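The following report describes how two protein chains are arranged with respect to each other and to the DNA strands beside them. Please read it alongside the sequence and the coordinates shown here.

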Protein chains: 2
Amino acid sequence: MKIHELEKRMKEAGFKLTNQRLSLLSVLDKFSETMVTAEELLTECQKDYPATNITTVYRNLILLEGLRLLHKTSDSKGKSLYKLVCSDEHHHHMVCLDCGKVESFDFCPLEELRKITERNNFRLVEHNLELYGVCSECDKKINEE
Amino acid sequence: MKIHELEKRMKEAGFKLTNQRLSLLSVLDKFSETMVTAEELLTECQKDYPATNITTVYRNLILLEGLRLLHKTSDSKGKSLYKLVCSDEHHHHMVCLDCGKVESFDFCPLEELRKITERNNFRLVEHNLELYGVCSECDKKINEE
DNA sequence: AAACTAAATGCAAACGATTTGCAATAAGGA
DNA sequence: TCCTTATTGCAAATCGTTTGCATTTAGTTT
């Protein structure tokens, strides 16, 4: 989703477009291929707009999540990671354990999963299919060392 | 895995079988079908052995994780959830969002996933396929209300 | 353009989950 | 039974995140 579209969505939802928010959106956009922490977002935001504060970052992340514009997960230590949602059609991700880069792929065995849950009278709400490993760039770097 | 086997593994790894540990193993075994928090484990442990302490629970959970006997994830709020690893062959889980119950299924599209990662020069380390929803019992309960 | 008002911010302090330092205790071999 | 070292319990520290409150600001209204 383009930044302009994100700004429009916030505005339409009745939120003010403060400098802190514009800066956060632009940073999120910049990192749209990577899962990042709130702290990393803050650091980047401060480059545009030094006054930005971690509290504000968190508050706006919560807000974006509420608008379903932001995807939140947690790393193995329980720390939260964020990324703008993908607006394209259904797909899943490969996440690099080294640099956090996220690559997408279209495959999803949803049909099969539906059959399984029906067989168990399990009301399927969500499914999560994610691959973890080392992306080609990081793998190259490791081999060079 | 049977409790006795777990105890054996700990002992073999050079750890002492304290009452706190025995009590934790038995509680984990009791909850082997459910993801539970450290707090819930403590509460149960204290029924057997009232002196048990949250610090000890955490320390032993870390230890069991290190022995690869324990599986750790986090819920949507980042709180950690634990469960003994399954010793049976490769499978995935459906997790009830209501009661935490975990059911297993054998299906896994690993072949397909391998093809995808190879195509992307992505070195696959781990994959996660998990279904979330409402289990048949909870669904029944909800409908009764 | 100045005034207004509710929303948004920044700070410091609170928070909950988890970890750590340290002195006291207990497991399991000698 | 004794001894040594691992383990425990407690309190305090830590980390990421959230909240209360006074101040500031966006975006409207005059």
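## Symmetry, shared sheet and DNA contacts

In this predicted model, a turn of 179° combined with a shift of 0.0 Å along the axis lays chain A on chain B with an RMSD of 0.1 Å. The two chains are therefore related as by a two-fold axis. Within chain A, the C-alpha nearest that axis belongs to A:Leu129, at 2.2 Å from it. Both copies use the same surface for their contact, since 97% of the contact residues of chain A recur in chain B.

The sheet comes next. Six strands form an open sheet of mixed pairing, and their order is β4(A)-β3(A)-β5(A)-β5(B)-β3(B)-β4(B). Its edges are β4 (102-105) of chain A and β4 (102-105) of chain B, each of which pairs on one side only. On average, and with direction ignored, neighbouring strands of this sheet are turned by 25° against each other. Strands of a sheet pair through backbone hydrogen bonds, in either a parallel or an antiparallel sense. Where the two chains meet in the sheet, strand β5 (residues 123-134) of chain A and strand β5 (residues 123-134) of chain B pair in the antiparallel sense over eleven bridges. As one example of residues facing each other, A:Glu130 stands opposite B:Asn128 in β5(B).

Two helices can be described by the strands that they cross. Helix α5 (residues 110-119) of chain A lies across β5 of chain A as well as β3 (92-96), β4 and β5 of chain B, and runs at about 135° to β5(A). Helix α6 (residues 136-144) of chain B, in turn, lies across β5 of chain A together with β3 and β5 of chain B, running at about 30° to β5(B).

Turning to the DNA, there are 21 residues around strand C, of which A:Thr18, A:Gln20, A:Arg21, A:Thr56 and B:Tyr58 come nearest. Sugar and phosphate make up 69% of the atoms of DNA strand C that come within 4 Å of the protein. At least two residues of the surface near DNA strand C are supplied by each of α2 (19-30) and α4 (54-66) of chain A and α4 (54-66) of chain B. Sorted by class, this surface near DNA strand C has five nonpolar, ten polar and six charged residues.

Around DNA strand D there are 23 residues, and A:Tyr58, A:Ser80, B:Thr18, B:Arg21 and B:Thr56 come nearest among them. Of the atoms of DNA strand D within 4 Å of the protein, sugar or phosphate holds 69%, while the rest belong to bases. The elements that each supply at least two residues of the surface near DNA strand D are α4 of chain A together with α2 (19-30) and α4 of chain B. By class, the surface near DNA strand D has five nonpolar, eleven polar and seven charged residues.

The table lists polar contacts between protein and DNA.

| Protein atom | DNA atom | Distance |
|---|---|---|
| A:Ala51, backbone N or O | strand C, phosphate oxygen | 3.0 Å |
| A:Asn53, polar side-chain atom | strand C, phosphate oxygen | 3.3 Å |
| B:Lys79, side-chain N or O | strand C, phosphate oxygen | 2.9 Å |
| A:Leu17, backbone N or O | strand D, phosphate oxygen | 2.9 Å |
| B:Gln20, side-chain N or O | strand D, sugar or linking oxygen | 2.7 Å |
| B:Ala51, polar backbone atom | strand D, phosphate oxygen | 3.0 Å |

Terms used:
Residues numbered from 1 in each chain as written. Chains lettered and ligands numbered in written order. Predicted model: local features only at pLDDT ≥ 70, side-chain atom pairs only at ≥ 80, totals over all residues. Heavy atoms only, no water. Near = heavy atom within 4 Å. Polar contact = N/O pair within 3.5 Å; in protein donor to acceptor, adjacent residues only side chain to side chain. Helix = DSSP H or I, 4+ residues; strand = E, 2+ residues; numbered from the N terminus. Nonpolar A, V, L, I, M, F, W, Y, C, P; charged D, E, K, R; others polar. Least-squares fit on C-alpha atoms with pLDDT ≥ 70 in both. Contact = heavy atoms within 4.5 Å. Pairing = 2+ DSSP bridges. Axes fitted to C-alpha atoms, helices over the stretch in contact; angles between N-to-C directions.
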